[in-house]
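Here is a short note from a colleague, meant to be read slowly with the structure open beside it. Please keep a finger on the sequence while you read, and look up each residue as it is named.

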Amino acid sequence: MNEFVVNDLKINKNTVVDWYMFCREVCMIACVNESAKLGGEGAIVEIDESLFGKMKYGRGKSVKGSWVFGGIQRESRKSFFRVVANRTKKELLGVIREWILPGSTIISDCWRSYNCLSDEGYIHLRVNHSLTFKDPETGAHTNSIEGTWSAIKRGLKNHTAHVEGQFDSYLAEHMWRRSNEHKMIDANFEDYIKAIARVYPPHESDVEKE
């Protein structure tokens with residue numbers, strides 16, 4: 001994509017990189033500061049964690065990469081994705097409280113860190129992925145979030161964002177695109193311009209002040 005812009009607009013590649021970083025920064029700030037919480041009474045939110053980055057196995061070495069924790073509200077465009085240091089109860093529950101409203105129905109796999117959710121004001125359904133992709137009794141599944149991991153990883157295939165410290169911004173870009181149904185239409189572009197103005201309010205000129 002960068003090469004296409006460089007060749008099409010005849011501008012320096014560093015300029016293109018800077019502009020893309022700026023655009024993702026706007027997505028990141030807007031998504032974190034302006035996004036409403038997911039869920040609520042009657043709403044279903046699927047949650048899951050996924051490992052991003054090169055997975056290298058060696059003698060005495062653990063898997064290398066970045067853990068990402070995410071959630072998707074069904075039948076809506078709402079989502080969240082967050083790089084987390086680990087998959088402990090403390091780490092994941094902190095993100096859940098930040099992003100998901102109490103009273104929501106949360107569907108997850110059987111990772112032990114989620115065992116506390118019923119005590120935290122959520123309706124918690126599990127699906128045992130070692131046995132099935134859909135619970136035969138409750139119908140619970142996490143197909144939406146599982147499919148989203150694949151989409152994000154395809155988008156990041158040619159990037160090294162997790163190495164360069166820009167991983168969060170790429171996730172925010174995906175959240176922004178998903179919230180706008182990945183459509184390249186005028187209305188979405190206008191909304192993005194408005195988001196830039198909110199994140200970086202224009203300064204009044206000296207003439208306007210007078």
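The numbered points below go from the whole chain to its sheet, its core and a few single residues.

1. The model is a predicted one, and that should be kept in mind throughout. The chain has 210 residues, and 36% of them are buried. Its accessible surface comes to about 13,400 Å², with carbon and sulfur atoms holding 52% of that area.

2. Eight helices and five strands make up the secondary structure of the chain. If you walk along the chain from the N terminus, you meet the elements in the order α-α-β-β-β-α-β-β-α-α-α-α-α. As for how the chain folds back on itself, 53% of the contacts with a separation of 6 or more are between residues 24 or more positions apart.

3. The five strands form an open sheet with mixed pairing, and across this sheet their order is β3-β2-β1-β4-β5. The edges are taken by β3 (79-84) and β5 (123-126), and because each of them has a single partner strand, one side of each is left without a neighbour in the sheet. On average, neighbouring strands of the sheet are turned by 20° against each other, direction ignored.

4. The mixed pairing can be followed from strand to strand. The strands β1 and β2 are antiparallel and share eight bridges, whereas β1 and β4 run parallel and are joined by three bridges. The strands β4 and β5 also run parallel, with four bridges between them. A useful residue to find here is Val45, which stands opposite Gln73 in β2 and opposite Ile106 in β4. Glu46, for its part, has Ile107 of β4 as its bridge partner.

5. Two helices should be looked at together with the sheet. Helix α3 (residues 89-99) lies across β1 (44-52), β2 (66-73), β3 and β4, and it runs at about 150° to β3. Helix α4 (residues 143-155) packs on the sheet as well, where it touches β1, β2 and β3, and its direction makes about 35° with that of β1.

6. How much of β1 is buried? Eight of its nine residues are, so the strand is largely enclosed by the rest of the structure. One residue to examine is Ile47, whose contacts, not counting residues up to four places away in sequence, include Phe69, Ile96, Ile100, Ser108, Tyr114 and Ile145.

7. The largest nonpolar core has 39 residues, and those with the most contacts inside it are Ile47, Phe69, Phe81, Ile96 and Ile100. Two or more residues of this core come from each of α2 (13-34), β1, β2, β3, α3, α4, α6 (167-179) and α7 (186-199). The largest share, six residues, is given by α6.

8. Strand β4 deserves a look at its side chains, since Thr105 and Ile107 point one way while Ile106 and Ser108 point the other way, and all are buried. Looking from this strand towards β5, you will find that Thr105 has Ile123 as its bridge partner, and that Ser108 stands opposite Arg126.

9. Which residue does the side chain of Ser108 meet in a polar contact of 2.8 Å? The partner is the side chain of His124. Ser108 belongs to strand β4 (residues 105-108), and because its relative accessible area is 0%, it counts as buried. Leaving out residues up to four places away in sequence, Ser108 touches Ile47, Tyr114, His124, Leu125, Arg126, Val127 and Thr142.

10. A second serine, Ser104, can be read alongside. Ser104 is placed in the loop between α3 and β4, and its relative accessible area of 0% is why it is classed as buried. Its neighbours within four places in sequence set aside, Ser104 is in contact with Leu38, Gly39, Gly40, Ala43, Tyr122 and Ile123.

Terms used. Residues numbered from 1 in each chain as written. Predicted model: local features only at pLDDT ≥ 70, side-chain atom pairs only at ≥ 80, totals over all residues. Heavy atoms only, no water. Buried < 20%, exposed > 50% of the residue type's maximum accessible area, 1.4 Å probe, protein only. Contact = heavy atoms within 4.5 Å. Areas by Shrake-Rupley, 256 points an atom, 1.4 Å probe, with all protein chains shown as cover. Polar contact = N/O pair within 3.5 Å; in protein donor to acceptor, adjacent residues only side chain to side chain. Pairing = 2+ DSSP bridges. Axes fitted to C-alpha atoms, helices over the stretch in contact; angles between N-to-C directions. Core = buried A, V, L, I, M, F, W, Y, C linked by side-chain atoms within 4.5 Å.
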